[in-house]
Amino acid sequence: MTDVVLFEELICDNGKKVGIATLNSPKSLNALSGDMIDLLYPKLVSWHENKDISAVLLQGAGEKALCAGGDIVKLYNDMVEAGDEFSPSIESYFTREYKLDYLIHTYSKPFVVWGHGIVMGGGLGLMVGASHRVVTESSRIAMPEISIGLYPDVGGTWFLNRMPENCGLFLGLTGASINASDAKYTDMADFYIPSEHKQTLIDLLKQINWGETTALNHDKLNDAMRDLERQHISTMPPTFVKANQSLINQTTQGESLAEIVDSIVNAEVEDKWFNRAQKSLKHGSALSAHLVYQQLAKGSKLSLAECFRMELDLSVKCGQFGEFQEGIRALLIDKDNKPQWRFDSVNSVDQATIAWFFESQWQEAKHPLGALGK
């Protein structure tokens, strides 16, 4: 069997090394499997402790995607097997995934992610916490969980809350796809480099005079990548999010979720990007919309570790409730694109159900992500 993650150590001009990890499942658009997570986590820890490794680069095999999301077909099978019961397999997968995402967020060495092509869901979880996040002309980024009965996890509570002017709420509710310019505007990316210059970036990594001081290594890489970006900034695609910022503000001002959803769905505008966002919200899971709305409200003052703990609470409940399973069935199993959602509108979702999702099944001292910190 081919290794699902490939590792190599690039020897730099001054003898230091850059660790390169490549997600290696191009046929699945590098969907993040449990096996990938189990290979990545210990290697990243090892590289972090290795004084010879000055920086890390994460990329995806093939030209289509860094990572199109989690391995949700495997999760579907786990949910089918568990029925209406709590699934230990679901808990295990999300626990390991969130530990990996948290590790990337807190990695002290420079961590470069080549966010070319599709970067969605679990793929965005791998990218958004990195110190040097690169997007290209082909980057297509989204948290489209409302279309599969989930919610924006993998740290979405943290990074959606830190976007400008209600963009996080809008993108979470609509699952709208964004490009490189949007990713920079919403602080999900740092640098724009056309894909044809990837080798130039790798050559830069080799040429940097890496030292023993982590902060200085970050500065050296920042300077080199800014210089490279400056040469190509004029080729960035036009932004969708910034162009629609006033409309996003206008439609997300409601005092309740129902008002906001109604405002977004019924906004009269001739803009293909906004119209696609309206359509995905209209046809998405009403329950998911509530989870998005509540997670951002409840998570606005939480620490990064607390965000991941709340998300694990939510995710295991999603694995048990059935909405997530139905969403995957309609999209990827039967492929009829006709999910039979439990609720037909946000107004029909009862508060008791919403409250159940946000009740942790673990005592604080026994939470699987308790070791992440405060």
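This is a guided tour of selections to make in a predicted model.

**Stop 1: the annotated range**

Select residues 18-358. UniProt lists this range as "domain: Enoyl-CoA hydratase/isomerase", in an unreviewed entry. Colour the range by secondary structure. Over residues 18-358 the chain is 51% helix and 10% strand. Now pick the C-alpha atoms at the two ends of the range. They are 41 Å apart.

**Stop 2: the largest pocket**

Show the pocket surface next. The largest pocket has a volume of about 1200 Å³. Which elements give two or more residues to its lining? Those elements are α2 (72-82), α3, β8 (140-142), α12 (272-283) and α15 (323-333). Highlight α12: this helix gives the most to the lining of the largest pocket, with six residues.

To centre the view, select Met-120, Pro-144, Ser-147, Ile-148 and Leu-331. Of the 46 lining residues, these lie nearest the centre of the largest pocket. Then colour the lining by class. It divides into 24 nonpolar, 14 polar and eight charged residues.

**Stop 3: the largest cavity**

Switch from pockets to cavities. How many cavities of 30 Å³ or more are there? The count comes to one. About 50 Å³ of space lies in the largest cavity.

Select its lining: Leu-124, Ile-141, Ala-142, Met-143, Leu-160, Leu-171, Ala-176, Ile-178 and Met-188. Colour these residues by class as well. The lining of the largest cavity has nine nonpolar residues, no polar ones and no charged ones.

**Stop 4: the aromatic rings**

Show the side chains of Phe, Tyr and Trp. The model holds twelve aromatic pairs. Zoom in on Phe-94 and Tyr-98. Why is this pair called tilted? The ring centres are 5.7 Å apart and the planes stand at 40 degrees, so the pair falls into the tilted class. An angle under 30 degrees would count as stacked, and one over 60 as edge-to-face.

Now show the backbone around the two rings. Phe-94 and Tyr-98 both lie in helix α3 (residues 88-105). They are four residues apart, about one turn of the helix. Are the two residues buried or exposed? Phe-94 counts as buried, at 2% relative accessibility. Tyr-98 also counts as buried, at 0%.

Widen the selection to Tyr-93, Phe-94, Tyr-98, Tyr-102 and Phe-308. Ring pairs link these residues into a cluster.

Before leaving, draw a line from the C-alpha of Phe-94 to that of Ser-256. The two residues are 162 apart in sequence, and the C-alpha atoms are 30 Å apart in space.

**Stop 5: lysines over rings**

Two views are worth setting up here. First, select Lys-43 and Phe-7. Lys-43 lies over the face of Phe-7, at 5.5 Å from the ring centre. Next, select Lys-317 and Trp-356. Lys-317 lies over the face of Trp-356, at 4.4 Å from the ring centre.

**Stop 6: positive phi**

Open a Ramachandran plot beside the viewer. Most residues other than glycine have a negative phi. Pick Leu-29. Its phi is positive, about 55 degrees, although Leu-29 is not a glycine. Leu-29 sits in the loop between β2 (17-23) and α1 (34-49). At a relative accessible area of 25%, Leu-29 is partly exposed.

Now pick Val-154. Here too phi is positive, at about 45 degrees, and the residue is not a glycine. Val-154 lies in the loop between β8 and α5 (156-159). Is Val-154 buried or exposed? Val-154 counts as buried, at 1% relative accessibility.

**Stop 7: Asp-182 and Lys-242**

Select Asp-182, in helix α7 (residues 180-185). This aspartate has 0% relative accessibility, so it counts as buried; the cut-off is under 20%. Add Lys-242. Asp-182 and Lys-242 are 60 residues apart along the chain, yet their C-alpha atoms are separated by 7.1 Å.

**Stop 8: Leu-75 and Thr-239**

Finish with another distance. Select Leu-75, in helix α2. Leu-75 is buried, with a relative accessible area of 2%. Add Thr-239, which is 164 residues from Leu-75 along the chain. Their C-alpha atoms are separated by 34 Å.

Note on methods
Residues are numbered from 1 along each chain as its sequence is written. This is a predicted model: local features need pLDDT of at least 70, side-chain atom pairs count only at pLDDT 80 or more; totals for chains, interfaces and linings use all residues. Side-chain values use heavy atoms; hydrogens and water are left out. Rings of Phe, Tyr and Trp (its six-membered ring) pair if their centres lie within 6.5 Å; planes under 30 degrees apart count as stacked, over 60 as edge-to-face and the rest as tilted. Buried means under 20% relative accessible area, exposed over 50%, partly exposed in between (1.4 Å probe, protein chains only). A charge sits over a ring if NZ of Lys or CZ of Arg is within 6 Å of the ring centre and within 35 degrees of the ring normal. UniProt positions are given in the numbering used here, feature names are shortened, and annotations may be inferred rather than shown by experiment. On a 1 Å grid over the protein atoms alone, a cavity is a set of points where a 1.4 Å probe fits but cannot get out, and a pocket is an open set with protein on both sides within 12 Å along at least five of seven lines; lining residues have an atom within 4 Å of a point. Grid points are joined across faces, edges and corners, and a volume is the space filled by probe spheres set on the points. Ala, Val, Leu, Ile, Met, Phe, Trp, Tyr, Cys and Pro count as nonpolar, Asp, Glu, Lys and Arg as charged, and the others, Gly among them, as polar.
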